[in-house]
Amino acid sequence: MSEPAPDPRMQSLINQLWPGVVRTVKVIGFDGADVLVELVDADGGAEIGRIPRHEASMRRMEHPSALFEVGQEINAEEIGRWREGQLLLSARACEIPALRSFLLAFERGQVVAGTVSAVHNFGVFVHVDGEPDGLCTGFIRVPDLTWGWINHPSEAVEAGQRIAAEVIIAEPRSGQVTLSLKALQEDPLVRFADQVGRVLTAPITRIVPFGVFVQLAPDVVGFLHLAELTDEPAETPDQFVDEGELITVRVTEVDLQRHRVRLGAAGGADRT
């Protein structure tokens, strides 16, 4: 079975985050909280660029003038141009040379090892093996922890745990490498794809205003729309079912690209 095509929106975002060319620039002034610079290595005459405030440093600061002086030369990464054509740069992407070198050595899909540093409701921080001392460079978003449904990342990993993960992207501007644990796990829907058309009895795991989620197999959850649940007028599914209740449904679609399973009423016609 062929692998699902990558999400084009995610691919577009990743393309925008690829590191740009590093330029040597000289600070010539400030425009509000932005840093104005002149390209020292420009060919064919001087060019003026701008370092937005949020790209000036990874450190907290009241104003970039606390970090930079007029006449100072620094390295900065090209990150794009304004509509007016002015070059935009990031000083923070080059602020710690050892960190930049570490992050640029990664390739997408590479498998790395590390130790979980902290677990939060928004994701997991990881000390990646070989990272510069004093830094924590790895981050795993909640959707990249596991194929199964979890209420909190602590259900998937814990602080101090050794893990292996796949690199999604390493980004010097954020100082982090985004990782995925589930990329190294088999997608449970691949084996479930041949279940289309089958009638199954399984428990309801979650009720939302427009339907219910049903646990069809380990790490496989399907969705039954409210319209498929009953022919009677209804505002919410909990008028008819409860969480934990067994329900008989028909598997109408397994979408590997969107990673979802659509359910229909058992024995009924497909209502799409």
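1. Asp219 is partly exposed, because its relative accessible area of 40% falls between the limit for buried residues, under 20%, and the limit for exposed ones, over 50%. This residue of the predicted model lies in the loop between S12 and S13. Its phi is near 65°, which is a positive value in a residue other than glycine. For background, most residues other than glycine have a negative phi.

2. His259 can be read alongside Asp219. His259 has a positive phi of about 55° although it is not a glycine, and it lies in the loop between S14 and S15. With a relative accessibility of 26%, His259 counts as partly exposed.

3. The strands on either side of these loops belong to a closed barrel of 5 strands, which runs in the order S11-S12-S13-S15-S14 and has mixed pairing. On average, neighbouring strands of this sheet are turned by 50° against each other, if direction is ignored. As general background, strands of a sheet pair through backbone hydrogen bonds, either parallel or antiparallel. Within this barrel, strand S12 (residues 211–217) pairs with strand S13 (residues 220–225) in the antiparallel sense, over 6 bridges. A student who wishes to follow this pairing in the structure may look for Val212, which stands opposite Leu224 in S13.

4. Which residues have the most contacts inside the largest nonpolar core? They are Phe192, Val214, Leu216, Val254, Val261 and Leu263, and the core has 21 residues. The elements that give two or more residues to this core are H3, strand S11 (199–208), S12, S13, helix H4 (226–229), strand S14 (246–255) and strand S15 (260–265). Of the elements, S14 gives the most to this core, with 4 residues. In soluble globular proteins, nonpolar side chains tend to be buried together.

5. Helix H3 (residues 188–192) also holds Arg191, which counts as exposed at 64% relative accessibility, because the limit for that class is over 50%. The side chain of Arg191 makes a polar contact with the side chain of Glu186, at 3.1 Å.

6. A second barrel should be noted: 5 strands close in the order S1-S2-S3-S5-S4, and here too the pairing is mixed. Neighbouring strands of this sheet are turned by 55° against each other on average, again with direction ignored. Strand S2 (residues 34–39) and strand S3 (residues 48–51) run antiparallel and are joined by 4 bridges. One place to look is Val37, whose bridge partner in S3 is Gly49.

7. The structure holds 6 aromatic pairs. In one of them, the rings of Phe122 and Phe139 have their centres 6.4 Å apart and their planes at 25°, so the pair is stacked, given that planes under 30 degrees apart count as such. Phe122 lies in the loop between strand S6 (111–120) and strand S7 (123–128), whereas Phe139 lies in strand S8 (residues 138–141), so the pair ties together parts that are 17 residues apart in sequence. Are these two rings buried or exposed? Phe122 counts as partly exposed at 47% relative accessibility, while Phe139 counts as buried at 13%.

8. Phe139 takes part in a further aromatic pair, this time with Phe125, and the pair is tilted, with 5.0 Å from centre to centre and 55° between the planes. This pair also links distant parts of the chain, as Phe125 is in strand S7 and Phe139 in strand S8, 14 residues apart. Phe125 is partly exposed, with a relative accessible area of 21%, because a residue has to be under 20% to count as buried. Taken together, Phe122, Phe125 and Phe139 form one aromatic cluster.

9. Two charged side chains are placed over tryptophan rings. Lys182 lies over the face of Trp147, at 4.3 Å from the ring centre. The charged end of Arg206 sits over the ring of Trp149, 4.2 Å from its centre.

Conventions: Residues are numbered from 1 along each chain as its sequence is written. This is a predicted model: local features need pLDDT of at least 70, side-chain atom pairs count only at pLDDT 80 or more; totals for chains, interfaces and linings use all residues. Side-chain values use heavy atoms; hydrogens and water are left out. Two strands pair if DSSP finds at least two bridges between them. Axes are lines fitted to C-alpha atoms, for helices over the stretch in contact, and angles run from 0 to 180 degrees between N-to-C directions. Rings of Phe, Tyr and Trp (its six-membered ring) pair if their centres lie within 6.5 Å; planes under 30 degrees apart count as stacked, over 60 as edge-to-face and the rest as tilted. Buried means under 20% relative accessible area, exposed over 50%, partly exposed in between (1.4 Å probe, protein chains only). A charge sits over a ring if NZ of Lys or CZ of Arg is within 6 Å of the ring centre and within 35 degrees of the ring normal. A polar contact is a pair of N or O atoms within 3.5 Å; within protein, one must be able to donate a hydrogen and the other to accept it, and residues adjacent in sequence count only if both atoms are side-chain atoms. A nonpolar core is a set of buried Ala, Val, Leu, Ile, Met, Phe, Trp, Tyr and Cys residues joined through side-chain atoms within 4.5 Å.
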